Amino acid sequence: MIIDSAVCLAGMADSAPTKAWLDQMARHAITHAVVAPADGYAAVYNEEGNALLARLVRRYPKQLSGLAVANPWLGTKAVGLLEKAFDDGLMGLFLCPPRQGFRLTESIVDPLLEVCCRRHKPVYAHTGTPICSEPFQLAELARRFPEVTFIMGHAAYPDFWYDVAGALQQAPNLLVETSCQVAAIIQQALDAVGPERVLFGSGWPRSKPGVEILKIRSMGLADDIFEKVMHTNAANCWGLKP
Amino acid sequence: MKIIDAHTHLPGWSFGSRPRPIRELRRAFEDEGLAGAWLFTTDGLLGEPARNNDILAEAVAEHRDFFAPFCTVNPLDGTDAAIRELDRCKSKLGMRGLKLHPWVQAFSMMHPAVEPVLAHAGNLGFPVIFHDGTPPYTSSLQIAALAEKAPQTTIILGHAGLDDLYEDAILACRRHPNIYLCLCSTSGGYSEQIIRHCPVERLLFGSDGGFMPNLIKLAIAKLHETDAPASVLRKIFYDNPQRLLPLPA
């Protein structure tokens, strides 16, 4: 069983992107995917993105879970959007600093993280884009909110590969998601912090599930570690029931 | 389908690697599906370019049917020194192209030595492949600005923008007829966009093979997973690199 913790959907008002993704899931035997609203939904149209995604999750509950978006620059409105999205069934927060125009360490994100802390919701953050979404910036945030689980999206691909293991070591509540990054860096993360803090992601549509699954398979992981990376860790992180 | 990899490295002592006998490297590349490879130094990007050019040339001496060796120079050594080394690499070592990595070699594309080096490489018939996609020294449009000043030189963006800047790489390729994009380490979805929006004759396959294990077969799988038809993939995998730098393979 494969759980994919890194999928973005744009254009959800149209059925085509969702159908394309569900086809990918069927083709690659992905049993469940954690989906976030992409692009304009992440940056500006948070409310629409959350509502469309909540509807998709209700329609495909076995296949999909959803992450909410709330641009921190919206202030108290963002807090309200996030609370409503959680009430509507979304189960974590997606931060995308390059799209949303803030640095991970800026205090404007704190009110959103306080909501996540109170409601026990994980936070997935895009990482790898300087100067706003770097591994040590996310580790700083994870230290600031030690009760919140953070996921280092795309394992900081492309150019922060040197930082991944070091950032993970700074904060036990920080996990890493595998999409886009090369296998050797995923292995370094496993070696640095053990097999419980690495989650499989396809990175769709930026990357593709076939090659991302092949990448993890090519690492030659022991069966129990492979199972943790591809399924168990994500199930635990996101609170997914079997 | 025959495949020539336009972006591979000779493993050296840097980046946690160890040197490998060239025969073993070739066999590994062939086992992963390659019919040929453009081969760059790794250690020479961090220092002593001339010595590492010698090492690379000696390594591939018996394997010119498979490897097209690329030299490197550092423009920070000065224009004259860099151009002398380019001439030596062409006439004495039989190098076939130039690899530059402004991030690792720590020079700005706007350094005054870069433009004459690119122009001279073009005069020698060397395509020049850059690491690109990493600010502040190797953004795709920084390299494109120099490509505009050396229109007779074939310039290759070695990572097609490396995800964060792939859309800038597309702009560069569409604007400048001397710019090629190498789909090396660019994620699959973005590679698909690049293939859709750029002239296919100026796209190349690359993997960074030799730098880390398993990169070649994953890079091949990545392009096969795009929606590009076989006729397009054939150009990217083989026809285009073979037209630029013919290998006997």
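**Figure 1. B:Ile3, in the segment before β1 (4-10) of chain B.** This close-up, like the others here, comes from a predicted model. B:Ile3 is tucked away: its relative accessible area is 5%, so it counts as buried. Who keeps it company? Leaving aside residues up to four places away in sequence, B:Ile3 touches B:Gly33, B:Leu34, B:Ala35 and B:Gly36. Further along the chain, B:Phe205, B:Ile220, B:Phe237 and B:Tyr238 are also in touch with B:Ile3. For a sense of scale, look across to B:Ile83, 80 residues along the chain from B:Ile3, where the two C-alpha atoms are separated by 32 Å.

**Figure 2. B:His120, a residue of helix α5 (residues 114-123) of chain B.** Is this histidine, B:His120, buried or exposed? With a relative accessible area of 18%, B:His120 falls under the 20% cut-off, so it counts as buried. Setting aside residues up to four places away in sequence, its contacts are B:Ile83, B:Leu86 and B:Asp87. B:Ile83 has turned up before, as the residue whose C-alpha atom is 32 Å from that of B:Ile3.

**Figure 3. Helix α10 (residues 209-217) of chain A, wrapped by its surroundings.** Seven of the nine residues in this helix are buried, so α10 of chain A is largely enclosed by the rest of the structure. The buried set begins with A:Pro209, A:Gly210, A:Val211, A:Glu212 and A:Ile213, and is completed by A:Lys215 and A:Ile216. Note that A:Glu212 and A:Lys215 are on that list. What do these buried residues of α10(A) pack against? Within chain A, the partners are the strands β1 (2-9) and β2 (30-37) plus the helices α1 (15-27), α9 (183-193) and α11 (223-238). Chain B joins in too, through its α9.

**Figure 4. Where chain B meets chain A: 25 residues of chain B in contact with 24 of chain A.** Together the two sides bury about 1,800 Å², and carbon and sulfur atoms give 60% of that area. On the chain B side, B:Asp164, B:Leu218 and B:Glu225 lose the most area to chain A, together 31% of what that side buries.

**Figure 5. Polar links across the interface of chain B and chain A, with 10 residue pairs in polar contact.** Which helices of chain B each supply at least two residues of the side that touches chain A? They are α8 (188-197) and α9 (215-224). The largest share of that side, five residues, comes from α9(B). By residue type, the chain B side splits into 10 nonpolar, nine polar and six charged residues. Two salt bridges also cross the interface. In one salt bridge, the side chains of B:Glu192 and A:Lys208 meet at 2.5 Å, N to O.

**Figure 6. Chain A as a whole, with 11 helices and eight strands.** Its radius of gyration is 16 Å, close to the 18 Å that the globule rule gives for 242 residues, so chain A is as compact as a globular protein of that length. Along the principal axes, the C-alpha trace of chain A spans about 45 × 35 × 30 Å. Of the 242 residues in chain A, 62% count as buried. Taking the chain A contacts with a separation of 6 or more, 74% are between residues 24 or more positions apart.

Note on methods. Residues are numbered from 1 along each chain as its sequence is written. Chains are lettered from A and ligands numbered from 1 in the order in which they are written. This is a predicted model: local features need pLDDT of at least 70, side-chain atom pairs count only at pLDDT 80 or more; totals for chains, interfaces and linings use all residues. Side-chain values use heavy atoms; hydrogens and water are left out. Contact means heavy atoms within 4.5 Å. Buried area is the accessible area (1.4 Å probe) that two parts lose on being put together, summed over both. A salt bridge is a side-chain nitrogen of Lys or Arg within 4 Å of a carboxyl oxygen of Asp or Glu. A polar contact is a pair of N or O atoms within 3.5 Å; within protein, one must be able to donate a hydrogen and the other to accept it, and residues adjacent in sequence count only if both atoms are side-chain atoms. Helices (H or I, at least four residues) and strands (E, at least two) are DSSP runs, numbered from the N terminus. Ala, Val, Leu, Ile, Met, Phe, Trp, Tyr, Cys and Pro count as nonpolar, Asp, Glu, Lys and Arg as charged, and the others, Gly among them, as polar. The radius of gyration is taken over C-alpha atoms; the globule rule is 2.2 Å times the number of residues to the power 0.38. Buried means under 20% relative accessible area, exposed over 50%, partly exposed in between (1.4 Å probe, protein chains only).
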